[in-house]
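This report describes the overall make-up of a protein model and then turns to selected residues. Please consult the sequence and the structure alongside the text.

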Amino acid sequence: MNDAPSLPDAGVAGPEAGAADTALAHFESRLEYPLDPFQRNACERLEAGRSVLVAAPTGSGKTTVAEFAVYLARRERNTKIFYTTPIKALSNQKFHELCAEYGEDEVGLLTGDVNLRGDAPIVVMTTEVLRNMIYADSKTLTDLAFVVLDEVHFLGDRFRGAVWEEIILHLPRTVRLVSLSATVSNAEEFGDWMHAVRGETDVVLSEHRPVPLYQHVLTTKALMPLFVDREGELARAGKVNPELWMLSGRGRGGRGGRDGGRDGGGGRDRGRSRGGPPQRRTRRISRGDIARALDETQLLPAIVFIFSRNGCDQAVRQCMFEGITLTTREEREEIRRVAFKLVDSLSEEDRRVLETREWIAGLERGVAAHHAGLLPAFKAVVEELFQRRLVKLVFATETLALGINMPARAVVIERLDKFNGEQRVPLTSGEFTQLTGRAGRRGIDVEGHSVVVWSDAVDVEELSQLAGTRSFPVKSTFRPTANMAVNLLQRLSYTQARDALELSFAQFQADRAVVDQARELQSAQSSLKGYEKAAARAQGSDKKRWEDRARKLRRQLERGRRQVANRTGTIARTFERVVEELLELGYLSGDTRDGGVEVAPYGEMLRRIYGERDLLIAECLRHDLWRGLDANGLAAMCCALSYEPRRDDEAVDRGPGGKFGQAFDRVLDRWVALDDLAEHYRLPRADMPHAGLAATMYDWSKGATLERVLESSGLGAGDFVRWTKQTIDLLDQVSQACDVAIAHPDLSDDAVRLGVLGALARDAKRSIRRGIVEASSSS
């Protein structure tokens, strides 16, 4: 933890503001439980006017610190707070919680799907929405006092992690950050970086789980403890249960050591002993067995993590086939009441297509699935019933581990590896920690339980190491992109933008000293501006004195930049290559040698386009590659440019053909040219567009039924809705980029064409935002 002195809080209003702990005392008096030491510490730092990074186990009460920030913001007059989350489901959940606490008029929600009361004093949003606000210099940022970054360890996500860094780097320094993280092993390093780039940031760590977590292994014979004490009884940590070593073939009679665990009496490669008869494999434990074991040991409600959507759905069917019933008659009646409230809002056709009868039958037995393939409304019903402990057992994919409020007494992990899109890989300690952290909720359970299902593939030694390692490091995945470059250069000079990127966490981890030096360069650059302004106003000897100071500081800056460049500068050099690429393509103008790089007219359009294919989409707009498409065809095209198949070996689809096919060929030709250019500049390359869902989106745009599009696509309803929302989001970006071009004086020659395209994008959006897509967007 940083030992920097606390600062007085100048913003807390109220008659008792003179007392140092007044706000915190008032806040705590409203809670049903006393604050833990780490919560109190973090809240005191916030009240003292500082930012905090809180790293603590899942379920320990980190969100209480965020709630205190909301309370502080509402005590301070004319200030606002943004509460950001990594996923829309979390945003929706937090929005409803804050509405219940502060009233609907005080709370807004911005997720891309929903734009509700965005000017409210408390606004819940996804992180991408806030990043886009910063780049657009949104007026909504005025009077912003706090930003909560929930699940900030998401910064390490290889697809979306850069968004968190962009926010931390570019938010006004006057905004206090409340960053909430799972227990990460490099929290001090992370906090040191935040302190370096934002100042006044304290790290508050807690390893304490208020609800103790016990580890078990479910075998065909019994639910066994993983760790035991000297008497052989269940323990939170200690020695591995000898019975499990025997089960794995490494106990009595086993060879021991690594060979004994893997190739001897019972490891992963168990099959035939050399020259011997086939060995008996352990009987597979069914999903019904799991349900019965949890019920008998009173470990319900529970979440069973299965790393497959289809596996989750099959698990519910298997439980029903095996006659599993976990509810009472009264509970079933209440479940029906909640479920029918949703079902009654659907058309008869949608009920049939979505198989609502089978879904409700599972709910009545206390069993449900939860994954991205389900409609958001269906997931919301499952979450509500589980929170009320009416549904007892949920089979879920790992997205449920991201912080959604579903308090479980136990968490079950069916297997210790998962498919990562290319191959099956073992769970990391961080993933295991995140999943098992869902077990045991403060104020509800006195203890939590983690259960791993036994199979021949389980390695006891590896399992004990996974269970014993309760933290993981956050590693930056930040890299400059085309969109990031034009947005930075719209606000900063080339030199300033380059210096700003030297402050990234990626650079900090590469060479911590560079960040400190880059911050000094930023400060010196500000001083240089002051000297130059003073020289411009002064006359005679005063003018010469200011000019001498400026000249000397320029030399120091150049020397400092050379030193930084010679150390690592990997992020800045990538930025330089991105800028060179954009200069060649005409999205930027000027020359990097004198730092005079500016955003060109078409670069203004690129600023509004986010995502991996930002440059390709900008090229499509600029070069009229979508000519000939109507609104239906444009919906299909935007689907092809946002869709990502779940398997790399999916056959390439040509989409609906006709004019779409011609336009898609032009897009692919441009993608090839950009791919070659990226290779030339040694930059990451975007994946090839995929038209696998384009024909389905085309049909939906033309009014096809839900049954038809689900049958033609082979997708679940939730997946279809998700990709349709992604398409809507891209259509929104296209229409906004076209609006920018229409208003730009240097793009008058293209104004009419782009005006028509923008109108077409809005028509396409309306054509696909209907039925269950519309219902899912407004919930």
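## Overall architecture

The protein contains 32 helices and 21 strands. The model is a predicted one. Among its 779 residues, 55% are classed as buried.

The exposed area of the protein is about 34,300 Å², of which carbon and sulfur atoms supply 47%. Among contacts with a separation of 6 or more, 72% are between residues 24 or more positions apart.

## Thr 356 in helix α14

Helix α14 covers residues 356-364, and Thr 356 belongs to it. The relative accessible area of Thr 356 is 7%. Thr 356 therefore counts as buried, because the limit for that class is under 20%.

When residues up to four places away in sequence are not counted, Thr 356 touches Val 343, Leu 346, Arg 351 and Phe 378.

## Ile 571 in helix α23

Ile 571 is located in helix α23, which comprises residues 570-585. With a relative accessible area of 7%, Ile 571 is buried.

Residues up to four places away in sequence aside, Ile 571 touches Phe 478, Pro 480, Leu 501, Ser 504, Ala 506 and Gln 507. A further pairing concerns Arg 479: this residue and Ile 571 are 92 residues apart in sequence, yet their C-alpha atoms are 6.6 Å apart in space.

## Asp 675 in helix α27

Asp 675 is part of helix α27, formed by residues 658-680. Is this acidic residue, Asp 675, buried or exposed? Its relative accessible area is 15%, so Asp 675 is buried.

Apart from neighbours within four places in sequence, Asp 675 is in contact with Arg 685 and Ala 686.

## Arg 559 and a positive surface patch

Arg 559 lies in helix α22, which spans residues 540-567. The relative accessible area of Arg 559 is 43%, and the residue is therefore partly exposed. That value falls between the limits of 20% and 50% that bound this class.

Which residues form a positive surface patch? The patch consists of Lys 552, Arg 555, Arg 559 and Arg 562. Membership of a patch calls for over 30% relative accessible area, and Arg 559 has 43%.

## Summary of the selected residues

Thr 356 in helix α14 and Ile 571 in helix α23 each have a relative accessible area of 7%. Asp 675 is likewise buried, at 15%, whereas Arg 559 is partly exposed and contributes to the positive surface patch.

Conventions. Residues are numbered from 1 along each chain as its sequence is written. This is a predicted model: local features need pLDDT of at least 70, side-chain atom pairs count only at pLDDT 80 or more; totals for chains, interfaces and linings use all residues. Side-chain values use heavy atoms; hydrogens and water are left out. Patches are made of residues with over 30% relative accessible area and no salt bridge: like charges are joined within 9 Å, nonpolar side chains (Val, Leu, Ile, Met, Phe, Trp, Tyr) within 5 Å. Accessible areas come from the Shrake-Rupley method with a 1.4 Å probe; for residues, only the protein chains shown count as cover. A salt bridge is a side-chain nitrogen of Lys or Arg within 4 Å of a carboxyl oxygen of Asp or Glu. Lys and Arg count as positive and Asp and Glu as negative; His and the chain ends are not counted. The place of a charge is taken as NZ of Lys, CZ of Arg, CG of Asp or CD of Glu. Helices (H or I, at least four residues) and strands (E, at least two) are DSSP runs, numbered from the N terminus. Buried means under 20% relative accessible area, exposed over 50%, partly exposed in between (1.4 Å probe, protein chains only). Contact means heavy atoms within 4.5 Å.
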